[in-house]
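This report describes selected local features of one protein chain. The sequence and the structure are shown first, and the text follows.

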Amino acid sequence: MKHRIFVANRGEIAVRIIEACDRLGYDTVLGVSSADKDTLGARRAGRVVTIGGPRPADSYLNMNAVVQAAISTGCTAIHPGYGFLSERPAFAELCAENGLTFVGPSPEALRALGDKLTARRLAESVDVPVSAGGTAQTANEVQQLAERIGYPVLIKAAHGGGGRGMKLVESTTELAEAWQLASSEAEASFGDGTVFLERFVQDAKHVEVQILGDRHGHRVHLGERECSVQYRYQKVVEEAPCTALPEATRALLYQSALRIAEALDYVGLGTVEFLYDVQRDSLAFLEVNPRVQVEHPVTEAITGVDLVREQLLAALGEPLSFTQSDITLTGNAIECRITAQDPENDLRPSPGTVTRWRPSAAGGLRLDTHIYEGYRFPPFYDALMAKQIAWAPDRAAAIERMEQALAAFEIEGVTTSLPLLSRILAHPVFQHNTVTTHWLNELLTEKVNS
């Protein structure tokens with residue numbers, strides 16, 4: 001059967017999906033907003049369909065428009081990429097109702113994972129470590145729970161992410177107001193105000209395991225990534241593997257991720273995320289992201305596996321072409337997210353026309369992007385311009401290669417995060433891999449106050 005894939009996304013991930021489909025011999029149709037008719041993805045796709053206006057709610061988040069566009073162009077499957085509709089159970093169900101394959105896990109798995117409290121209970125049920133925490137109904141119960149956990153505590157939204165509905169509480173005097181505020185933010189952002197408490201770990205690394213499953217009961221992991229360099233819960237630099245993990249902890253990390261994948265009967269790509277408490281040498285489950293991740297290229301670099309290709313094949317019913325014993329991790333890879341943001345102005349977005357675009361052409365590099373000279377970077381979407389990936393036999397060499405790539409990268413017309421990325425890589429804390437999830441926030445705060 002000749003497959004035709006509808007790509008329901010934009011930017012660099014749309015280009016990445018189209019390239020994977022091309023290698024598989026699948027036809028592609030790209031759904032674009034009226035602001036994205038001239039993107040690199042639109043130039044690469046077999047066919048382009050405008051699905052709505054520039055704002056996401058009118059296009060990329062319009063489930064009915066996306067499905068109708070896929071049907072009208074004779075598509076057999078929809079790849080949602082990441083963000084937008086990729087984690088919506090209702091969208092996966094709508095695809096199934098219309099005879100379209102959703103490239104992602106089942107609606108049941110999406111529903112279970114969309115609620116962090118449900119996911120947390122699932123992890124506990126299969127003996128995966130979780131942090132101290134829970135939820136409560138009354139102000140008195142919330143206070144008692146916080147005291148049992150021990151301050152500081154983190155209030156988190158049960159649905160959604162990106163730092164919305166998340167509050168750090170240092171003492172009991174702040175708790176009631178912060179709980180109300182977090183709940184209100186969660187309600188406004190995700191349509192559900194449910195929040196819960198977790199222990200706040202100051203010296204934590206964010207580590208995650210890439211999992212892959214098929215419809216025939218096969219599950220594998222493809223090693224771990226570290227994503228500790230974050231600003232306001234948004235990842236900035238990622239790498240694979242996490243060289244700071246003790247081997248016993250790494251083994252527990254892999255076992256835990258596969259237990260969750262088995263419990264969910266997971267199909268497709270997924271990422272099981274954990275916090276690693278450096279002081280206690282302990283892991284705590286965070287959540288599962290049931291889709292392709294922005295940082296998937298670093299895993300591809302150290303495994304040699306085309307994850308998007310495998311994701312497509314698994315969704316279409318093909319068995320995995322390899323077993324766990326076939327996967328080997330070689331060398332180290334680093335990814336830097338180059339964004340149209342001003343690092344001197346609190347990373348404020350900087351849309352505009354890209355008048356110069358000259359990436360490095362050195363070896364050991366990969367660039368995932370949708371940018372070209374003359375492209376007008378729109379103000380309606382995420383600020384991501386490109387992902388620069390560097391691979392080398394060891395971490396120090398990968399850092400050096402990335403530093404050279406960033407120094408040689410020429411971008412004009414918009415303000416970008418390149419200077420910040422170079423500063424991060426050159427910092428002794430990053431070089432020695434003692435970064436924790438709060439390091440970048442503190443670094444940028446220091447600069448503002450100095």
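## Cis prolines and local backbone

P152 lies in the loop between α7 and β7, where helices (H or I, at least four residues) and strands (E, at least two) are DSSP runs numbered from the N terminus. This is a predicted model, in which local features need pLDDT of at least 70, side-chain atom pairs count only at pLDDT 80 or more, and totals for chains, interfaces and linings use all residues. Residues are numbered from 1 along each chain as its sequence is written, and side-chain values use heavy atoms, with hydrogens and water left out.

The peptide bond from Y151 to P152 is cis, with omega near 0°. Another cis peptide bond runs from A240 to P241, with omega near -5°. P241 is placed in the loop between β12 (234–240) and α9 (247–264).

Positive phi values occur at F84 and at L347, neither of them a glycine. The table gives their settings; buried means under 20% relative accessible area, exposed over 50%, and partly exposed in between (1.4 Å probe, protein chains only).

| Residue | Phi | Loop | Relative accessibility |
|---|---|---|---|
| F84 | about 45° | between β4 (77–79) and α4 | 24%, partly exposed |
| L347 | about 55° | between β16 (341–342) and β17 (348–349) | 12%, buried |

## Helix α7

Which residues of helix α7 (residues 139–149) are buried? They are V142, L145, A146 and I149. These residues lie on the same side of α7, because they cover an arc of only 100° around the axis; the arc is that of the directions from the helix axis to the C-beta atoms. The cover over the buried residues of α7 includes β6 (133–134), β7 (153–157), α8 (172–190) and β9 (195–199). Just after α7, G150 has a positive phi of about 100°.

## Domains and the pair α4 and α5

An automatic or database domain assignment supplies the domain bounds. The chain is divided into domain 1 (4–103), domain 2 (132–199) and domain 3 (204–449). Between the C-alpha centres of domain 1 and domain 2 there are 36 Å.

Helix α4 (residues 89–97) packs with helix α5 (residues 107–114) at an angle of about 175°, and their axes are 8 Å apart. Axes are lines fitted to C-alpha atoms, for helices over the stretch in contact, and angles run from 0 to 180 degrees between N-to-C directions. The angle therefore makes α4 roughly antiparallel to α5 (under 35 degrees counts as roughly parallel, over 145 as roughly antiparallel, 65 to 115 as roughly perpendicular and the rest as oblique). P89, A92 and E93 of α4 meet P107, L110 and R111 of α5, where contact means heavy atoms within 4.5 Å. By class, this contact of α4 with α5 has 4 nonpolar, no polar and 2 charged residues. Ala, Val, Leu, Ile, Met, Phe, Trp, Tyr, Cys and Pro count as nonpolar, Asp, Glu, Lys and Arg as charged, and the others, Gly among them, as polar.

## Long-range contacts of two loop residues

D115 is in the loop between α5 and α6 (116–125) and counts as buried at 17% relative accessibility. Beyond its neighbours within four places in sequence, D115 is in contact with A158 and H159. D115 and H159 are 44 residues apart along the chain, and 5.1 Å separates their C-alpha atoms.

P129 is in the loop between α6 and β6 and counts as partly exposed at 25% relative accessibility. Leaving aside neighbours within four places in sequence, the contacts of P129 are L252, S256, L283, A284 and F285. The C-alpha atoms of P129 and L283 are separated by 6.4 Å, with their positions 154 residues apart along the chain.
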